[in-house]
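Visitor: Please pick one part of this chain and take me through it closely. I'd like to know what sits around it, and then how the rest of the chain looks beside it.

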Amino acid sequence: MKGRPLLFLRNFPVAQPLMPHATASWLVDNTALSFEQIAAFCGLHILEVQAIADDTAATKLTGRDPVRAHELTMDEIEKGQNDPNYHLVMLKGPDQVRRTKGPRYTPVSKRQDKPDGIAWIIRNHPEISDGAIGTLIGTTRTTIAAIRDRSHWNIANILPKDPVTLGLCSQRELDALVAKAAKAAGLAAPVDSRLEGDREALITELRAQRDQAVRDAETAADGGEMLMPGGFVDPFKKA
């Protein structure tokens, strides 16, 4: 790897330190590595490293020692300091954080809306179990039970609202849950009839347009005026 251009190496995915900006700050302050070497190791743009070195970043970063974090060795740093074209190799990558099974994560800004969404589901789909509601909304059975029996501490201010509108889940997730609960309870699958009126009106309009087109064609065939699409007379053509 020695002597290979750093810009070439950046095209390949490599492990990066857990806190790249803090690590870059420590390397700038404690080593003689070039900005390009530090940027390549930390996965940053060279201008970001320049800003850290010039103290022009938004806040002064507290450096993080990659040697103490077992991400880099002093021997590796020495190699980089002796050869500006050397690409630092991480000792190990940071442990990946994996999401385990459990309640859905909800942003803090939307957590206050959870009771309203729960109340909406309880009112409109009582067949859905508390466990399923908890998984969908990301809450506990205790909270759901308190809303269901109206013993919740804030029950006077809870207003049933569609959880999809509140941003607590997607329409697809809610529809799938409702269909699953209905099937388990032996109920007929819900049918979305919100657009039935519009659909019927559209079909009627399309049929009328088709019939008019047929009449126009018959008129033209009988020697009448030649009509353009939409029923307009073409002044440049004669029957």
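**A loop residue and its surroundings**

Guide: Let's start with I158, which sits in the loop between helix 9 and helix 10. Before going on, a word on the source: this is a predicted model, where local features need pLDDT of at least 70 and side-chain atom pairs count only at pLDDT 80 or more, while totals for chains, interfaces and linings use all residues. Numbering starts from 1 along each chain as its sequence is written, and side-chain values use heavy atoms, with hydrogens and water left out. Helices (H or I, at least four residues) and strands (E, at least two) are DSSP runs, numbered from the N terminus.

Loop or not, I158 is buried, with a relative accessible area of 10%. Buried means under 20% relative accessible area, exposed means over 50%, and partly exposed is in between (1.4 Å probe, protein chains only). So what does I158 touch? Setting aside neighbours within four places in sequence, I158 is in contact with P115, D116, A119, I147 and H152; contact here means heavy atoms within 4.5 Å. Going by C-alpha atoms, I158 and D113 are 8.9 Å apart in space, although 45 residues separate them in sequence.

I155 is another resident of the loop between helix 9 and helix 10. I155 is buried too, with a relative accessible area of 18%. Leaving out neighbours within four places, I155 is in contact with I147 and R150. From I155 to D116 you count 39 residues in sequence and 9.6 Å from C-alpha to C-alpha.

Now look at R150, which lies in the loop between helix 9 (141–148) and helix 10 (171–184). R150 counts as exposed, at 58% relative accessibility. R150 also has a phi near 60°, a positive value in a residue other than glycine. H70 has a positive phi as well, of about 60°, and is not a glycine either. You'll find H70 in the loop between helix 4 (46–53) and helix 5 (74–82).

Back to I158 and its contacts P115, A119 and I147. Those three also turn up where helix 7 meets helix 9: P115, I118, A119 and I122 in helix 7 meet T143, I144, I147 and R148 in helix 9. By class, this contact has six nonpolar, one polar and one charged residues. Here Ala, Val, Leu, Ile, Met, Phe, Trp, Tyr, Cys and Pro count as nonpolar, Asp, Glu, Lys and Arg as charged, and the others, Gly among them, as polar.

Helix 7 and helix 9 pack at an angle of about 60°, their axes 10 Å apart. That makes helix 7 oblique to helix 9. Axes are lines fitted to C-alpha atoms, for helices over the stretch in contact, with angles from 0 to 180 degrees between N-to-C directions. Under 35 degrees is roughly parallel, over 145 roughly antiparallel, 65 to 115 roughly perpendicular, and the rest oblique. The crossing of helix 7 past helix 9 is right-handed, meaning the near helix is turned clockwise from the far one by less than a right angle (anticlockwise would be left-handed).

Helix 7 also feeds the largest nonpolar core, which has 21 residues, with I118, I121, I128, I133, L136 and I137 having the most contacts inside it. A nonpolar core is a set of buried Ala, Val, Leu, Ile, Met, Phe, Trp, Tyr and Cys residues joined through side-chain atoms within 4.5 Å. Helix 7 (114–124), helix 8 (130–137), helix 9 and helix 10 each supply at least two residues of this core, and the largest share, five residues, is from helix 7. Apart from this core lies another, of 17 residues, A24, V28, A39 and V49 among them.

A24 and V28 take us to helix 2, whose buried residues are A22, T23, A24, S25, W26, L27 and V28. Their cover includes helix 3, helix 4 and helix 5. Helix 2 (residues 20–30) and helix 3 (residues 35–42) pack at about 155°, with axes 10 Å apart, and are therefore roughly antiparallel to each other.

As for the chain itself, there are eleven helices and two strands, and buried residues make up 30% of its 239 residues.
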